[in-house]
Each structure stands twice: as C-alpha cells, then as structure tokens.
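Colleague: I am new to this structure and would like a close look at one part, the surroundings of ligand 2.

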Amino acid sequence: MSKWVQGTVVGRRRWTDRLHSLQVAAPEVTFVAGQFGRLALPAPPGSKEDMLGRPYSFVNAPGTAPHEFYFVTVPEGPLSPRLAALMPGESVWLLRTANGFFSVGELPDADALWCLSTGTGLGPFLSILRTPDPWARFGRVVLVHAVRHGDELTYGDVIAAIAAARPGAFTYVPMVSREAHPGALAGRIPDAIRDGRLESRAGLALTAENAHAMLCGNPAMVDDTQKALAARGMRRHRRREPGHVTVETYW
Ligand SMILES: Cc1cc2nc3c(=O)[nH]c(=O)nc-3n(C[C@H](O)[C@H](O)[C@H](O)COP(=O)(O)OP(=O)(O)OC[C@H]3O[C@@H](n4cnc5c(N)ncnc54)[C@H](O)[C@@H]3O)c2cc1C
Ligand SMILES: NC(=O)c1ccc[n+]([C@@H]2O[C@H](COP(=O)([O-])OP(=O)(O)OC[C@H]3O[C@@H](n4cnc5c(N)ncnc54)[C@H](OP(=O)(O)O)[C@@H]3O)[C@@H](O)[C@H]2O)c1
C-alpha cells in the first residue's frame, strides 16, 4: 500500500499575498487535533525522491471534511509556492498517517490552557479548539495570535464561532508587532508576558500553579517565550517529567 494518498483540492482561501488556506478531500487520512500531516506534489525531474513533501498542521477538527491547511508561501521555497498555485480539482498527495504530540491528550491537568501562536502557528490551535477536549479539561482557554501586520490576523470567522460556543471560557488576544492595530496588543508575546500585559488583557494569571502553555510557530518566538515562562517557574513538559510548556516549531 502506498504511503501517499491522492487528495483533491476542493477549496482555497487567499488571505494576503503570502497567506493561503487549502481545503483537501482525502477521507482516508485521519489525525488527532494538533497533529501535522504531510502534503506533497511530484518532485521536479532529477530528484532523488518521487514526491516533494513538507509537514503541515491540520486546521479542521478530526472527523470533519475536507481537511484544511493554513500556510505561508516562502518565495524561494520548493513546495509552498506550488501549493499556493493549486486550483480546485487538482491533486495534492497526503501521508496516510499524521504525526506529532502537540495535542491535548498529551497535556497534564491545569486550570487554564494558553495557546500562544505566531503566523501560521495559529492552525493547530483552531483544530484543537474545535474539539470538545480542551473545554472538558481546562476551565479557561486563551488563544494568542501574534503577527506582524493587522491583515495577517486571519480566521476571524472561525475564532468568532469558537467564542460564541464557549462564553466565559474563551479569550482571544490578537497581537500586531509592526503597526498599531485597533483591539490588538502591540509588540511580541515574550515581552507582553514579562510586563504583565498579556495576563491583564486576558484577565487571568499565567503561572506554574494554574496554567499550561502550548507554543507554536516561529522558533525564535518559541525560544524567547520559553525563557519568559521559565522565569515564572514554568518548564518544558515531557511524558516522563510533567511540566507546564509544550512546543511545536515550524522551521
Ligand atoms: C511539524 C511542522 C508543521 C508545520 N506546519 C506548517 C503549517 O501548518 N503551515 C505552514 O505554513 N508551515 C508549516 N510548516 C513548515 C512547512 O513544512 C514548510 O517548511 C513551509 O511551507 C515552506 O516549505 P518550502 O518547501 O516552500 O520551503 P522550505 O525549504 O521547507 O523552507 C525554507 C525556509 O522557509 C522558512 N519557513 C518554513 N516554514 C515557514 C513558515 N510556516 N513560516 C515562515 N517561514 C517559514 C524557513 O526559514 C525555512 O528554512 C511546518 C513545519 C513543521 C516542522
Ligand atoms: N510577514 C511578512 O510581511 C513577510 C514578508 C517577507 C518575508 N517574510 C518571511 O516569512 C517568514 C515568516 O513570516 P511571518 O509573517 O509568519 O513572520 P514572523 O517573523 O514569524 O513574525 C510573526 C510574529 O512573530 C514575532 N516574532 C518574531 N521573532 C520573535 C521572537 N524572537 N519572539 C517573539 N516574537 C517574535 C514577530 O514580531 P516582529 O514583527 O517584532 O519581528 C511577529 O509579530 C519570516 O522568515 C520572514 O522573513 C515575511
């Protein structure tokens, strides 16, 4: 049995010149919310492998169709510009099985779950927050989406639906670093943790006693945020050594 499943593009959304979502029909492919799959296209002639593949987080909830992926085009990258050019009806290949431990089932108990993302790192949180699991496990959930420019604050419709479904339990905090944007916190996540602005905006403490933090996106943000959380006594969570911080980096 081939490890690749041939999927069909059934929808696409272009948010900005660089930010895209792709909807793909591939019912054989299953995953747990927060995991990533692998999208692939035929490799250029002369390549060692037949297919050119990269990992992408699922944005839809498990058990729903179609699958959805949210990605940024890296102009010089070999795959992402080709994915952005796909049209409905065209094929894209997916690995049959999903991977990763960035999921609620891997987390220890806590009062609050903080979901901290930059850029396309928002994606796995949308999948997680569209399942019942985080709401059964945590009394409060905060979703932070940090971007450079206001037009990169995407998926407002999905986030509004989550907020409507979870009154009192859900807080969305948009952050924009390179321009003033109405309603958004200014600057970067680690600075807003250090100076208390994030907690004050969410109306909730972020401490080793009450919280678990999931971090996803830019690896420099993940590093710097871990340092800011370590200063509060929050350390990396591992199966054998429970902690307060779970991370996924995209590059
Ligand atoms: C576990 C995992 C999950 C991922 N999920 C997603 C996802 O849901 N959405 C997504 O857009 N990407 C995701 N990525 C990155 C993705 O796999 C590709 O690397 C990216 O789409 C670029 O592919 P490429 O072949 O064009 O260039 P690559 O050769 O893969 O990358 C070239 C360079 O682009 C930069 N880069 C890569 N990904 C990103 C990114 N997301 N944002 C900004 N700069 C980047 C890095 O500097 C990298 O070295 C994920 C990566 C990992 C490891
Ligand atoms: N978005 C664009 O317009 C654009 C244009 C051309 C190329 N790119 C390239 O695309 C890639 C990803 O783009 P992206 O838009 O997702 O941007 P990104 O660089 O990942 O930025 C997203 C958010 O993360 C913040 N950030 C960056 N480093 C951080 C750190 N160490 N700690 C905390 N927060 C941090 C950024 O703040 P700051 O704004 O303060 O950095 C921004 O608010 C980058 O490699 C970039 O070079 C992006």
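How far is a nitrogen atom of ligand 2 from an N or O atom in the side chain of D224?

Modeller: The distance is 2.8 Å. The model is predicted, so local features need pLDDT of at least 70 and side-chain atom pairs pLDDT 80 or more, while totals for chains, interfaces and linings use all residues. Residues are numbered from 1 along each chain as written, chains are lettered from A and ligands numbered from 1 in written order, and side-chain values use heavy atoms, without hydrogens and water.

Oxygen atoms of ligand 2 also have partners: one is 2.8 Å from a polar side-chain atom of R188, and one is 2.9 Å from an N or O atom in the side chain of N218. The protein covers 72% of the 860 Å² of accessible area that ligand 2 has on its own (Shrake-Rupley method, 1.4 Å probe).

Around ligand 2 there are 16 residues, of which R18, S177, R178, R188 and D224 come nearest; a residue is near if one of its heavy atoms lies within 4 Å. Helix 7 gives the largest share of this shell, 3 residues. Helices are DSSP runs of H or I with at least four residues, numbered from the N terminus.

Ligand 2 sits in the largest pocket, meaning that more than half of its atoms lie within 2 Å of the pocket's grid points. A pocket is an open set of points on a 1 Å grid over the protein atoms alone, where a 1.4 Å probe fits, with protein on both sides within 12 Å along at least five of seven lines; lining residues have an atom within 4 Å of a point.

Notes:
Polar contact = N/O pair within 3.5 Å; in protein donor to acceptor, adjacent residues only side chain to side chain. Helix = DSSP H or I, 4+ residues; strand = E, 2+ residues; numbered from the N terminus.
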